[in-house]
Amino acid sequence: MNVFVLVRTVLLALALQVYAISVFAALNIQHWTTAEGSEVYFVENHSLPMMDVSINFRAGSAYDTLATSGAAAVTHHLMTLGAGGLDEETLTNRFADIGAVLGGSFDADRASFKVRTLTSEQQAALDSFMLVLHKPDFPQSVLAREQARIIAALQEAETEPDSIAQKAFMQSVYGMHPYSMDQNGEISTVQSLTVGQLQQFYQTHYTAKSAVIALMGDLTTDQAKQIAERLSAGLPQGPAVAAIPPVTELKASSVKKFPHPAMQAHILLGQPGNMRGDPDFFPLYVGNYILGGGGFVSRLTEEVREKRGLAYSVYSYFMPMSQLGPFQIGLQTKKEQADEALKLVMETVQSFVEKGVTEKELAAAKDNLIGGFPLRIDSNSKILEYLNMIGFYKLPLDYLDNFNQHVGQVTVSQINDAFKRRIHPDRFATVIVGAE
């Protein structure tokens, strides 16, 4: 790399850091409701001539039924593959021709779409974006093609130890609750989906009253309001989608073992964890960094990898959702060491719950979490994702402003109390794929 390129690279990095700091320092989330009942969250920022818009719906896999498992994911996917009478190639080219990027995400709670565009091209980008949202075609030929592709992927997943373990884990933790269903559906249900079912799912779940719209970037408040009204007005006008039912806590432990020719055993264990807006969120978040979320500085890594060499990687995490999302611990180890590794993990977690954390561990965790936070909000797109989360899960508008303050206020006693009340190793669901 020559000196000119090096200097330019350094200056760009510094500029992005200054941009991130300025955006965060000036972050002012505006919130209102459209005439049709959609919630809107907007951050105005004119540092770049860019606009990011996203829209979230209560249309994740937890809104499937056992008989139609996969309908939510297929509906979300096909909405981008033909709309307003335009086939997928034409639709894709309309975005590409103006440099706009269409994206989205899908999980158990929600389905979302987003578009990023230069503000000079916003009208054309929004016109195409609204076709996807307001006039999806669900072509029969495209459905048949995608059914074949999805079924092939599901068949392949049935042979992969990671996929087998994750599916069995969610079923063990959630039983008959909607969170137990595979987000991609089942082979038998996907292959029987019809265009009519997808259209019905769209009409029922992509309603204006269930929509959460987030806008970020080079827009005025008046412009953002006009865009939000257009987005909301063209959506189905049915009632708001009902909330996902509460999760039942596990009453006893369980162990499921699956033979597999893989060289290593894949182990997952855990229980229902916490939800968005949970009063224990920050003690559990900081505590989990110490337990298994902090990589090489976590207790699980120290005990399982560094001291005994039983696994290359071992982790734990909370995935808060609308209802209690999973608390999960995972590792891979040699088959002949599976029982030893699992026993050590359980002992480590049990000791963590019973004895708690130290002031030294807490101080190190806070330094890392607070120090790394600016990287999580260093672009419009990242801030947009936080707007989505704040809006969809009804978190406080000052959530980002106060995040580091909440982390800094967590105490040893709060972590120890939260883990004793919330985490129960004697009720863990355990899955071992590749057990001997």
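## Close-up views of a predicted model

**View 1. I227 touches M51, Q122, L126, M130, L215 and L219, leaving aside residues up to four places away in sequence.** Welcome to a first stop inside this predicted model. I227 belongs to helix α9, which runs over residues 221-233. Is I227 buried or exposed? Its relative accessibility is 5%, so I227 counts as buried, the cut-off for that class being under 20%. If you would like a second landmark, try I213: 14 residues separate it from I227 along the chain, and their C-alpha atoms are separated by 9.8 Å.

**View 2. Helix α8 has buried residues on one side, among them H205.** The buried residues here are V195, L198, F201, Y202 and H205. They share a side of α8 because they cover an arc of only 125° around the axis. A general point helps in reading such a view: an α-helix has 3.6 residues a turn, so residues three or four places apart point the same way. What covers the buried residues of α8? The cover includes β3 (50-57), α2 (71-78), α4 and α5.

**View 3. H205 touches F57, R58, A59, Y63, S210 and V241, with residues up to four places away in sequence not counted.** H205 is part of α8, the helix of residues 195-205. With a relative accessibility of 10%, H205 counts as buried.

**View 4. In helix α16, V412, I415, N416, A418, F419 and R422 are buried.** This helix spans residues 412-422. Why are these residues placed on the same side of α16? They cover an arc of only 165° around the axis, and that puts them there. Which elements do the buried residues of α16 pack against? They meet two strands, β10 (264-272) and β11 (314-318), along with the helices α10 (281-293), α12 (338-355) and α13 (359-372).

**View 5. A265 is a buried residue in strand β10.** Its relative accessibility is 0%, which is why A265 counts as buried. Its contacts, not counting residues up to four places away in sequence, take in L331, Q332, T333, K334, K335 and A338. I432, V433 and G434 also touch A265. Look for Q332 in particular: A265 and Q332 are 67 residues apart in sequence, and their C-alpha atoms are 5.6 Å apart in space. Recall from View 4 that β10 is one of the elements that the buried residues of α16 pack against.

**View 6. F138 and K394 each have a positive phi.** For background, most residues other than glycine have a negative phi. Phi is near 50° in F138 and near 55° in K394. Where do these residues sit? F138 is in the loop between α4 (122-134) and α5 (140-157), while K394 lies in the loop between α14 (380-392) and α15 (399-409). Their surroundings offer a contrast: F138 counts as buried at 2% relative accessibility, whereas K394 is exposed with a relative accessible area of 52%.

**View 7. E88 is a partly exposed residue of helix α3.** That helix covers residues 88-96. Its relative accessibility is 24%, so E88 counts as partly exposed. E88 touches L81, G82, V142 and R145, again leaving out residues up to four places away in sequence. How far apart are the C-alpha atoms of E88 and K307? They are separated by 54 Å, with the two residues 219 apart along the chain.

**View 8. Stepping back, the whole protein comes to 16 helices and 13 strands.** Its C-alpha trace spans about 60 × 55 × 50 Å along the principal axes. A compact globule of 436 residues would have a radius of gyration near 22 Å, and the 23 Å of this protein agrees with that. Buried residues make up 52% of the 436. Of the contacts between residues at least 6 apart in sequence, 82% join residues at least 24 apart. The exposed area is about 19,500 Å², and carbon and sulfur atoms supply 56% of that area. For the charges, there are 34 positive and 45 negative side chains, and the centres of the two sets lie 5 Å apart.

Definitions and conventions: Residues numbered from 1 in each chain as written. Predicted model: local features only at pLDDT ≥ 70, side-chain atom pairs only at ≥ 80, totals over all residues. Heavy atoms only, no water. Rg over C-alpha atoms; globule rule 2.2 N^0.38 Å. Buried < 20%, exposed > 50% of the residue type's maximum accessible area, 1.4 Å probe, protein only. Contact = heavy atoms within 4.5 Å. Areas by Shrake-Rupley, 256 points an atom, 1.4 Å probe, with all protein chains shown as cover. Lys, Arg positive; Asp, Glu negative; His and termini not counted. Charge placed at Lys NZ, Arg CZ, Asp CG, Glu CD. Arc of directions from axis to C-beta.
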